[in-house]
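Dear colleague,

I am passing on the structure below, together with my notes on it. Please read the notes with the coordinates open beside you.

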Amino acid sequence: MNDPITEDALDFAKQVFKNDFGGHDYDHTLRVVRLAERIAAAEGADLGTVLLAAALHDVDDYKLSPETCAGRTRAAGFLREHGVPEERTALILEIIGEVSFAGKDSVTPATLEGKCVQDADRLDAIGAVGVARAFAYGGAHGRVMYDPERPPRENMTAKEYRRSRSTTVNHFYEKLFLLRGMMNTETARELAREREAFMREFLDRFRGEWDGKI
Ligand code: ADP
Ligand code: NI
């Protein structure tokens with residue numbers, strides 16, 4: 001990134017996540033910025049808007065910061081302090097609002113820039129990094145890795161999704177395998193195809209090993 005305000009936004013995100021998440025989610029933010037930059041370049045989206053929205057997309061996340069989530073207070077404060085004009089600020093805040101996955105209630109961003117950021121965020125949940133994140137999340141939340149007796153639930157609403165206490169393998173069916181079909185851009189769809197194929201191979205091997213067959 002050679003854009004000074006994006007660098008500042010990343011530093012800001014680093015600070016926000018350091019206090020709350022031990023730095024872990026800053027790495028997610030960095031990956032999303034890099035992916036969003038790549039998608040935006042291929043799709044011809046406005047790079048400045050995409051980079052800023054990607055860098056700030058999780059600083060008011062409901063899990064991290066329920067009190068600032070509705071007003072996107074942290075992102076709004078950063079943009080105001082950096083003298084970003086009203087109209088651009090409104091656009092970036094709108095994109096941040098559109099980006100979060102929320103089961104059947106999720107929205108398609110109105111702008112190409114929003115579509116690029118949402119795709120990048122969703123791509124970071126799949127592939128090898130997606131597998132690692134899923135099991136890291138499962139471990140942190142005391143979830144069982146796999147239980148052949150517990151089938152996955154599909155088509156959950158945002159509320160059901162947030163409350164669900166499924167196994168980590170079920171999470172692949174309840175969320176991760178749905179993401180490829182939800183990509184907005186052709187660039188992201190292509191990346192998602194590869195990442196999904198890897199996850200399917202991973203689960204085949206996982207079950208084979210679980211059953212003592214391979
Ligand atoms: P986002 O990056 O959109 O904020 P979430 O906060 O829902 O996504 O999830 C963060 C990461 O944790 C993602 O990689 C996601 O797949 C994973 N995750 C969320 N819920 C679960 C779950 N129930 N089991 C396993 N992994 C999960
Ligand atoms: Ni995210």
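Which helix gives the most to the shell around ligand 1? The model is a predicted one, and in it helix H8, covering residues 127-140, makes that contribution with 3 residues.

**The ligand site**

The residues around ligand 1 are His28, Lys63, Asp121, Ala125, Arg133, Ala134, Tyr137, Arg143, Tyr161, His171, Lys175 and Leu176. Sorted by class, this shell consists of 5 nonpolar, 2 polar and 5 charged residues. Two side chains come up to oxygen atoms of the ligand: a polar side-chain atom of Arg133 lies 3.3 Å from an oxygen atom of ligand 1, and an N or O atom in the side chain of Asp121 is 3.4 Å from an oxygen atom of ligand 1. With Ala134 it is the backbone that takes part, since one of its N or O atoms lies 3.5 Å from a nitrogen atom of ligand 1. On its own, ligand 1 has 550 Å² of accessible area, and the protein covers 88% of that.

**Buried residues in helices H1 and H3**

Leu56 has its place in helix H3, which runs over residues 47-56, and because its relative accessibility is 0%, Leu56 counts as buried. Setting aside neighbours within four places in sequence, Leu56 is in contact with Ala9, Phe12, Ala75, Phe78, Leu79 and Ile96. Leu56 and Phe172, which are 116 residues apart in sequence, have C-alpha atoms 26 Å apart in space.

Thr6, in helix H1 (residues 4-21), has a relative accessible area of 0% and is therefore buried. The side chains of Thr6 and Asp3 are joined by a polar contact of 2.6 Å.

**Two threonines in loops**

Is Thr167 buried or exposed? Thr167 lies in the loop between helix H9 (158-163) and helix H10 (168-174), and its relative accessible area is 2%, so it is buried. A polar atom of the Thr167 side chain lies 3.0 Å from the backbone nitrogen of Asn170. Not counting residues up to four places away in sequence, Thr167 touches Val144, Met145, Tyr146, Asp147 and Arg150.

Thr157 is placed in the loop between H8 and H9, and with a relative accessible area of 27% Thr157 is partly exposed, because values from 20% to 50% fall between the limits for buried and exposed. The C-alpha atoms of Thr157 and Tyr26 are separated by 27 Å, while along the chain the two are 131 residues apart.

**Helix H11 and two backbone angles**

Helix H11 spans residues 186-210, 25 residues in total, and reaches 36 Å from its first C-alpha to its last, which is close to the 36 Å expected at 1.5 Å a residue. The buried residues in H11 are Thr187, Ala188, Leu191, Ala192, Glu196, Met199, Leu203, Phe206 and Gly208. Just after H11, Gly212 takes a positive phi of about 70°.

Arg72, in the loop between helix H4 (66-69) and helix H5 (73-81), has a phi near 45°, a positive value in a residue other than glycine. Most residues other than glycine have a negative phi, so you may wish to look at this angle in the model.

With best regards

Key
Residues numbered from 1 in each chain as written. Chains lettered and ligands numbered in written order. Predicted model: local features only at pLDDT ≥ 70, side-chain atom pairs only at ≥ 80, totals over all residues. Heavy atoms only, no water. Near = heavy atom within 4 Å. Polar contact = N/O pair within 3.5 Å; in protein donor to acceptor, adjacent residues only side chain to side chain. Areas by Shrake-Rupley, 256 points an atom, 1.4 Å probe, with all protein chains shown as cover. Helix = DSSP H or I, 4+ residues; strand = E, 2+ residues; numbered from the N terminus. Nonpolar A, V, L, I, M, F, W, Y, C, P; charged D, E, K, R; others polar. Buried < 20%, exposed > 50% of the residue type's maximum accessible area, 1.4 Å probe, protein only. Contact = heavy atoms within 4.5 Å. Expected span 1.5 Å × (residues − 1).
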